[in-house]
Amino acid sequence: MIEGDPKIMWATSGKANVSKGQGANIQKISGLGSSGWIFIFPVITMLAIFFLVPLAGVIYLSLTEWSLIGSPVFSGFSNYQEIFANPQFWSAVRVTGKLSLEMAIPGALIAFILAIMINEGKKTNYVSTVLLFPLVFPSIVAVFIWEAMFKGDGILNSFFGININWVTSSSWALPSLVLMMLWTNLGYYTIIALAGVRDLPAELFDAASLDGAGYFAKIRWITIPLMKPILLFLLMVGTSDALTLFIQPYLLTGGGPGDSTRTLSQLIYQTAFMYTDIGKASAIAVTLLLAALVVAGLQFRVFSKDREI
Amino acid sequence: MKTFARYLNLVLLALITLMVLIPILWALKAVFTPTGEIFSTGIFDVPSRFSLENIRNGLVTAPFLTYFKTSLVVALIVTSSIVITSAMAGFGFAKFHFKGKNFLFAFVIMAMLMPFQAILIPLFIEVKYFGWLDSLKGLIIPGAVSAFGIFMMRQFMFSIPNELIEAALIDGCSPIRVFRQVIIPMAKSPLAALGALAFLSSWNNYLWPLVVVQSESSMTIPLGLQQFRGNNATAYGEIFAVSLIAAIPVAVLFIGMRRQIVSSFATSGIK
Amino acid sequence: MKKSIYQTWGATAAAFAMVSASIIAGSPASAAAKTTITYWTHVNGPTNVFEKDLIAQYQRANPTVKVNYLPVEWGVLPTKLKTSIAGGGGPDLFNFFGGYASELISKKMVSPVDFSAFGLKNGKKDLLKNYLPAVVNGFSAGTTVYGIPHEVSNHVYWINTDQFAAAGLSAADYPKTYDDVIRVGKILQAKPSGGLKEALVMPQYNAIRETLTLQMMARQAGGSLFSADGKKPQLDSASVVRALQMWGDLANTHGLNQPALGPTASNYPEDLFGAGTAAMNNTGGPWVVKVMSDTYPTIKYKVLQQPTFKGGIQAGGTLYGFGLFVPSTSKQKAAAWKFAAFLQSKGQDYFDKTGVWLGDNQTFKSAATKAYPSWSAFATNFAAGEFLPPIVKYSELIDVIDRAIQRVVLEKKSASESLAVAQSEALLLMR
């Protein structure tokens, strides 16, 4: 009862003298109108040249048959029909979906929790730096390291005295991949979360303490609402990392055992560069992009119920 | 109870850090282990002899200094470009209102969601058409902006208080001046984080340089590492040795930038 | 105020342009006006070093020619090659695994051999004087030859003699049949030495090698994965089922092979053999001798013929090879074939320095070659072995076979069940 009012006030406060509450930032700033074009012009131009043009190429190729020599031959939607009839495609859809959930949600959550822990402690900056070390290795080297971790007589099994077939069993292969990707990416999710947490205004927390709010209450009513843009970002980035993930599963398990780690990205790669079927690979890519846009749209909708995000 | 919680916090963080480090420590040990023994010795076993031959062979086999220079030049230019353009675009998308803004932002999101190998061939054909194959241009320009960076800066800039901007505008600042004098100082921390990530991403980039590079003169480090991956035997010791040596300057960069990366900008610019 | 925005913007744009201009100015100048041919091959330490020497020799003998040499890691060579060809470019000569020859030919990515540039007046007839017909056929479509054989190898059976001795096994115990393998394997695992963790290492994470092995076992059982013309799959035939079932039994019923130990996607059975993890290895040809001496010098081994089924035939190992091809997009085809001929003429040197046999009869029969360690075992195996039939959809089909093997070995399904699925997938692909 007492909890209701003060929290809402803190979370949406436009009253604190450093108005970082969300309410104040929704309004338009007069004077910042069409001059915005100047700021986005360079990136839009570059994206147009280096993303939109190839994207148009991909969409076009998805409607053709082409094996690299000569010109592509128009074939309508036949590529799409073929991939939708192929069980390997649907298996890749399932794997990609599972991977997205298992990478994005734990990734964002753990990063968020770690950021709070680092922020709370003293002299804890080293943690965020060390967490970045995995990124210093090119993927190939990271995969070598994790092969040594995952082998039957490898580091994980001998250290914990267990005997799991990490990458040679279809039930453990995908979790192993998730574990490796979390190790790889946690550093960068965490520094983003940390930058967000550090930015939260101390005044709001002090005011809340004065009003008798406990530790977890403050997190629930101040930290989480104010971190929503960052959390959305982390979730989207985690999802996009999973959707575009290709090199690590390709090098670690090659999509196996069976198809248990074969993501759509991998299917695109092998269809284009091993099977030399550019048309079909492009069709899979377009399908993936459309599905990804739907998912992204949903995430935006969920997070922007109460504010412009 | 509070003190206990604090200690627990520190202990847990230290534990997590250690867990993340273990695979790296193993790689470090592998640098000094003869290749034949790397996979046969467990993490706590000591190799039969402490060997520096991996480092020696690694550096001698290929002109890594050239690769290092190329990787560094590309990474530095790409990073600066991404930081500047993302800051500008993030500001534009976060604080301005103009027609078509959301429509354009949707393209940014699309660019982030597209797996690179899907556009690899059309992009290659385009870059070849420009005549940029096997050159620094081909390595740098296509990667000079980052959808991830734009999105990230936009999210962070939402939390910059509008009052500050309005106050500056009322004082007669142009939007560009607002950008330079209000926004950038406030965004130092996420910009530093973005810079670190952009640098790493460029440093480790493999697929694009693979198809663009046609000769040793424009090779980057990840491409150079493949010299050790024969189809009949892989020289793990040398790969780890060279990767770790290549990682040293990057690690030093991070440790030096640590304060910028994790500092708070909440205490800056508030008057 | 507007003026100042554009002024500042102009300054930023100018700065951007200057940086770009300096990049452009700093790019390497284009090649001098010579004939430049580009040669791509796969990474292989000793071979790459040797070929760089050969190139230096060739450039001295032909001062108007420059050869750009680029070794590319095998796993990504297809990507780089296909991307370049898609862009209308690519190398002038490339070294590629022979199993893909039919695929490359059917997709028109490679040009027929230009025999006059290559230096053989009577074309294919002259070629057949120095190469086995089976080898030449592997690089042909019908009567047209598209590639020059540039490495031929086989799979022999390697055993670690120290580990055998420590387990109380003598030369009489060296396995000749799978029953022997099972008996000996159990003894080796009961008395492990030198780091032994599994008796036998089998290929995995390597669809090419797995297919070669399964084909060998199928031939031992009297059959083949594909019809001799390479047009029809026979994956669910009795001999293939028997072969795959034996593979699965060795791992799961008899516990002689533990997939979790490896090889992984980035190492090979010879790495486990060399580390002492496995006492027996059924893949790898003459080039492994060099791997053992360079990387695993402490292992004492013997080269045997492949164990076969009781009552089965001695089928050698499945032969495989690499070839030199000229892409159809090359603009210097004649120069490329001329250079290829030069490389081919160095067969004995290749073998002496790298253990790689180019496939030519001359090297095969020479006295120098006969002095190679374990050569008689290799030669016997070569004589009994056969190449895979030429298969157009090679990439897709080896993946089908790879998944079939995984279903049996990793998921412990029955071979007949797994191969029934594989056969239906293959039929769809080979319509």
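Student: How many residue pairs are in polar contact between domain 1 of chain C and domain 2 of chain C?
Tutor: There are nine such pairs, both residues at pLDDT 80 or more. A polar contact is a pair of N or O atoms within 3.5 Å; within protein, one must be able to donate a hydrogen and the other to accept it, and residues adjacent in sequence count only if both atoms are side-chain atoms. This is a predicted model, where local features need pLDDT of at least 70, side-chain atom pairs count only at pLDDT 80 or more, and totals for chains, interfaces and linings use all residues. Residues are numbered from 1 along each chain as written, chains are lettered from A, and side-chain values use heavy atoms, without hydrogens and water.

Student: And how many salt bridges between those two domains?
Tutor: Zero. That term needs a side-chain nitrogen of Lys or Arg within 4 Å of a carboxyl oxygen of Asp or Glu.

Student: Where are the domains in chain C?
Tutor: Domain 1 covers 5-154 + 320-382, and domain 2 covers 157-319 + 388-430; such bounds come from an automatic or database domain assignment. Their C-alpha centres lie 30 Å apart.

Student: OK, new topic: why does Gln299(A) count as buried?
Tutor: Because its relative accessibility is 12%, and buried means under 20% relative accessible area, exposed over 50%, partly exposed in between (1.4 Å probe, protein chains only).

Student: What is Gln299(A) in contact with, beyond its neighbours within four places in sequence?
Tutor: Leu232(A), Leu235(A), Met236(A) and Thr239(A), where contact means heavy atoms within 4.5 Å.
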